[in-house]
Every structure is written in structure tokens, then in C-alpha cells.
Amino acid sequence: MDRRTLLKGIAAAPLAASLPSWAADASQRLVVLVFLYGGNDAYNTWVPYTDETYYRVRPTIAVSRDSVLKITDRHGFHPSLAALMPMWQAKELALVQGIGYANATQQHYRDCEIAFTAEDSDIVSNGWVTRALTRRAAATGLADAIALGDLDIREADPMGPFRGNRLGVVQVHYADELLAKRRIADCVVDTNGPGKSRAARDSQPIPALALKTRFPGDPMGQSVRMAVELAAADRQLPVIHLTLNGLDGDKHHSVDCHWEQAKYHGDALKRLAEALAALRSGLQEIGRWDETLVATYDEFGRSPMENEDHGTHHGLASTHFVMGGKVTGGLYGEAPPVVRMHPIGGPAPAVDTRRLWTTIAARWWNLDASGVFDRRYAPLDLLKA
């Protein structure tokens with residue numbers, strides 16, 4: 001079935017749930033990357049609520065023991081992540097503890113380079129997703145990659161993990177605008193060469209779906225709604241990129257909490273959790289939850305130490321979520337230990353992020369991952385057979 005036939009069929013259907021359920025071969029497996037712009041705090045996300053050092057080094061921003069959503073006898077979720085609990089209980093949510101890059105510098109620009117290229121020694125021109133996906137036939141639908149929200153902090157090349165000119169990449173900053181106008185070409189903010197030509201020749205509007213799922217009204221919620229509609233409109237689309245940012249577009253009012261962390265971080269985690277829960281519901285509704293792998297990531301974690309402005313400075317190891325109908329839920333890696341140290345920096349990662357990216361490339365997309373990274377990395381065993 002070609003894309004235009006599929007779009008016409010979707011437009012004629014009263015409900016997305018009426019779509020046929022196709023087998024999830026590799027060409028129909030979607031990845032949704034969720035960038036926690038600014039570097040998330042693992043310690044207040046996956047809370048070591050029995051660790052006395054945690055409460056000593058964070059006298060005003062530590063999450064209270066009574067409010068933690070206790071998962072193990074040592075750790076639990078920040079209470080703002082309550083919307084993720086049904087996914088956790090269904091064993092469709094994996095928590096990768098202590099993930100990151102050992103050679104991160106804790107400087108946004110350089111560490112975004114590392115995060116987007118998955119290369120920590122030399123600056124390379126192609127993002128890791130670009131290097132992986134050029135090993136398979138180009139998609140014939142909307143694009144090879146669609147980003148909703150901010151994608152990269154570099155003005156010269158705002159393509160993030162899709163850097164390079166080998167994929168057709170389009171970036172739409174405002175999902176609500178695309179939900180209203182329905183045509184990608186009318187809403188593109190940034191694109192590369194192949195993406196520009198792809199968007200320009202595609203005059204077919206994205207069909208509006210009558211979804212029962214209730215999506216949050218904030219930018220992140222609207223982004224996940226658009227992601228669901230894109231997933232329904234183009235089953236060949238391999239990757240969608242979403243970004244969690246502050247409501248005012250300032251990452252310091254989201255997860256990059258150098259000051260007043262208690263004011264902003266819980267709200268950011270709540271918006272993230274509610275958006276991801278809605279994403280799951282919407283993908284289930286269109287029959288694509290088992291065909292989708294969702295992974296959060298950032299450029300670095302945070303220091304275990306509270307700073308003088310009641311916030312946290314940059315660190316190394318982070319903790320991230322991987323979810324989907326084919327995910328084996330549970331804990332992977334090791335939680336970053338709480339250590340008393342300088343307010344900048346932190347313990348080294350226990351899991352190299354390239355292990356997660358290798359899992360996506362080799363186990364999810366069924367690609368040959370050799371040569372994608374500087375060496376071979378063992379995939380994480382978090383997908384069902």
C-alpha cells in the first residue's frame with residue numbers, strides 16, 4: 001500500500017482504531033526520541049529516598065521520603081511521574097540507570113555534539129541516526145525524520161542526531177500550528193536539503209483523526225498528539241523527535257535547573273509523564289504501540305550536590321526511560337551514587353549511551369550497527385523476543 005492510498009483510507013475512517021493491524025516488520029518500526037533539553041537531574045527523577053547523604057547534600061531540593069513513588073526498597077519516582085505508573089506496572093517501561101558519556105565536558109554545546117553524534121573524541125558531520133538509517137532504503141512517505149520542537153542549539157546545523165545531508169529531515173517548532181494547518185510544508189522552520197525537497201513536493205494534507213485519547217494542552221502534549229497522527233499517516237516514517245522545554249521556551253524553566261529547582265523541575269517531569277502516558281494511549285488507539293520504541297535522552301545529568309541557588313549544576317550520569325509494547329520493563333544499569341563533591345560534575349556513567357543507540361539500530365531497526373559508532377557496543381537486553 002502506498003502512502004497516498006493509506007492517507008485516503010485514514011481520512012475516510014471515523015476512528016483511528018479502525019486501521020488494520022499490520023505486522024511490525026523492521027520497515028514499520030518507529031522510534032520516538034524525547035530530548036530532555038538542558039540535562040535532567042537523575043537524583044530527583046529516580047530518587048534514592050533511603051540515602052541519608054542525598055538529604056544532606058540537598059537540604060532544600062531533595063524529594064521528601066513520604067512523597068516518593070516507591071519502586072524498590074531504595075529508589076522511587078518523583079511524585080510528578082505518577083502518570084507513568086500504569087506503564088511501569090504493565091512492564092512496558094524500562095529505566096536505564098546511570099546512562100551517559102564518560103568523556104562529557106558538562107558544557108552544553110560540546111556535550112550536545114557528543115549526544116547528537118555519539119562521538120566523544122572527534123567532531124563529526126553526521127548524527128548517529130543519520131549514520132544508522134543511511135544503511136536502509138530511504139522512506140517514501142512524509143520524511144525520513146520529523147522533529148517537533150527545538151532540535152539543536154547550533155544555528156549553523158540545527159539537525160541534532162539527524163545532522164548531515166543524507167536523510168530527508170524536517171523540523172516543525174510548533175505542533176499546534178501543524179495540527180491546525182495539516183501540511184508540513186506550511187509549518188517547516190528548519191530543514192536540510194533532502195527534507196526541503198521532500199516537504200515541497202508533498203501537497204497531501206495530514207488527515208485529522210478522531211482520537212479518544214486526551215492529550216495535554218501544553219506544547220509537549222500537542223507534540224505527542226501530532227506524533228500519534230504522524231505515526232498513523234505514515235507507517236514508513238522511522239523516527240520522530242520531540243523536545244521537552246520550558247513553557248516559555250527557556251530550558252532553565254524545565255530540566256536545566258541551575259536555580260529554584262523545586263519551582264520548575266517537578267512541573268517539567270509532570271508535563272513529561274503526562275505527555276508520555278498520552279503518547280502510549282494514542283499509539284495503542286491507532287494500533288502502533290507494539291511497533292513503537294520511545295526513548296528519552298539528554299546531553300548530561302546533574303551533580304548530586306545542591307548549589308547556592310537551590311538548584312543543580314551539570315553532571316555526568318543520567319537516568320532515562322525506554323518504553324513500548326515490545327519493551328521488557330524493569331531496571332537496567334546502576335543508579336548514580338550520591339557523593340559529596342564539588343557542585344559541578346558527578347559520578348561516571350555505568351551505561352554508555354551508545355549501548356542504547358546500538359539496541360535501537362541493531363535490535364529494533366534490524367540494521368548492521370558495525371561502523372555506526374567508534375567501536376562495537378553491546379546492546380541492552382530490554383526488548384522482547
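A residue is called buried here when its relative accessible area is under 20%. By that criterion, helix α4 of this predicted model is a good place to begin, since H108, D111, C112, E113, I114, A115, F116 and T117 are buried there. Helix α4 spans residues 108-117 and is mostly covered, with eight of its ten residues buried. The cover over those buried residues includes β1 (30-36), α5 (128-133), β10 (292-297) and α10 (353-364).

The backbone on either side of α4 also deserves a look. Most residues other than glycine have a negative phi. Just after α4, however, A118 takes a positive phi of about 60°. In the loop between β5 and α4 lies Q106, which is not a glycine but has a positive phi of about 65°. Q106 has a relative accessible area of 17%, and because the cut-off for burial is 20%, Q106 counts as buried. A further positive phi, near 60°, belongs to K91, again a residue other than glycine. K91 is found in the loop between α3 (85-89) and β5 (93-100). Unlike the buried Q106, K91 is exposed, with a relative accessible area of 58%.

One of the elements covering α4 is α5, and W128 is placed in that helix. W128 is buried, its relative accessible area being 1%. Setting aside neighbours within four places in sequence, the contacts of W128 take in A115, F116, T117 and A118, together with L33, P161, W357, I360, V372 and F373. A115, F116 and T117 in this set are themselves among the buried residues of α4, while A118 is the residue with the positive phi just after that helix. For a sense of distance, W128 and T319 are 191 residues apart in sequence, and their C-alpha atoms are 20 Å apart in space.

Attention now turns to a pair of helices. Helix α8 (residues 219-233) packs with helix α9 (residues 261-285) at an angle of about 20°, and the two axes are 9 Å apart. Angles under 35 degrees count as roughly parallel, so α8 and α9 are roughly parallel to each other. The crossing in which α8 passes α9 is right-handed. On the α8 side, the contact is made by M220, G221, V224, A227, V228 and A231. The α9 side contributes R271, L272, A275, A278, L279, G282 and L283. By character, the residues of this contact comprise ten nonpolar, two polar and one charged. A general point about helices helps in reading such lists: an α-helix has 3.6 residues a turn, so residues three or four places apart point the same way.

Within α9, G282 and K270 offer a pleasant contrast in exposure. G282 sits in helix α9 and is buried, with a relative accessible area of 0%. Apart from residues up to four places away in sequence, G282 touches T213, F215 and V228. V228 is also one of the α8 residues making the contact between the helices. Another α8 residue of that contact is V224; G282 and V224 are 58 residues apart in sequence, with a C-alpha separation of 8.6 Å. K270, also found in helix α9, is partly exposed, with a relative accessible area of 40%. The C-alpha atoms of K270 and R201 are separated by 39 Å, although these residues are 69 apart along the chain.

A loop residue adds a view of the exterior. N165 lies in the loop between β6 (145-148) and β7 (169-172), and its 52% relative accessibility makes it count as exposed. Beyond its neighbours within four places in sequence, N165 is in contact with N126, N192, G193 and P194. The C-alpha atom of N165 is separated by 20 Å from that of V31, which is 134 residues away along the chain.

Finally, the protein can be viewed whole. The protein contains ten helices and 13 strands. Its radius of gyration is 20 Å, close to the 21 Å given by the globule rule for 385 residues, so the protein is as compact as a globular protein of that length. The C-alpha trace spans about 60 × 45 × 40 Å along its principal axes. Of the 385 residues, 62% count as buried. Among contacts between residues at least 6 apart in sequence, 73% join residues at least 24 apart.

Terms used:
Residues are numbered from 1 along each chain as its sequence is written. This is a predicted model: local features need pLDDT of at least 70, side-chain atom pairs count only at pLDDT 80 or more; totals for chains, interfaces and linings use all residues. Side-chain values use heavy atoms; hydrogens and water are left out. Axes are lines fitted to C-alpha atoms, for helices over the stretch in contact, and angles run from 0 to 180 degrees between N-to-C directions. Helices (H or I, at least four residues) and strands (E, at least two) are DSSP runs, numbered from the N terminus. Angles under 35 degrees count as roughly parallel, over 145 as roughly antiparallel, 65 to 115 as roughly perpendicular and the rest as oblique. A crossing is left-handed if the near helix is turned anticlockwise from the far one by less than a right angle, and right-handed if clockwise. Contact means heavy atoms within 4.5 Å. Ala, Val, Leu, Ile, Met, Phe, Trp, Tyr, Cys and Pro count as nonpolar, Asp, Glu, Lys and Arg as charged, and the others, Gly among them, as polar. The radius of gyration is taken over C-alpha atoms; the globule rule is 2.2 Å times the number of residues to the power 0.38. Buried means under 20% relative accessible area, exposed over 50%, partly exposed in between (1.4 Å probe, protein chains only).
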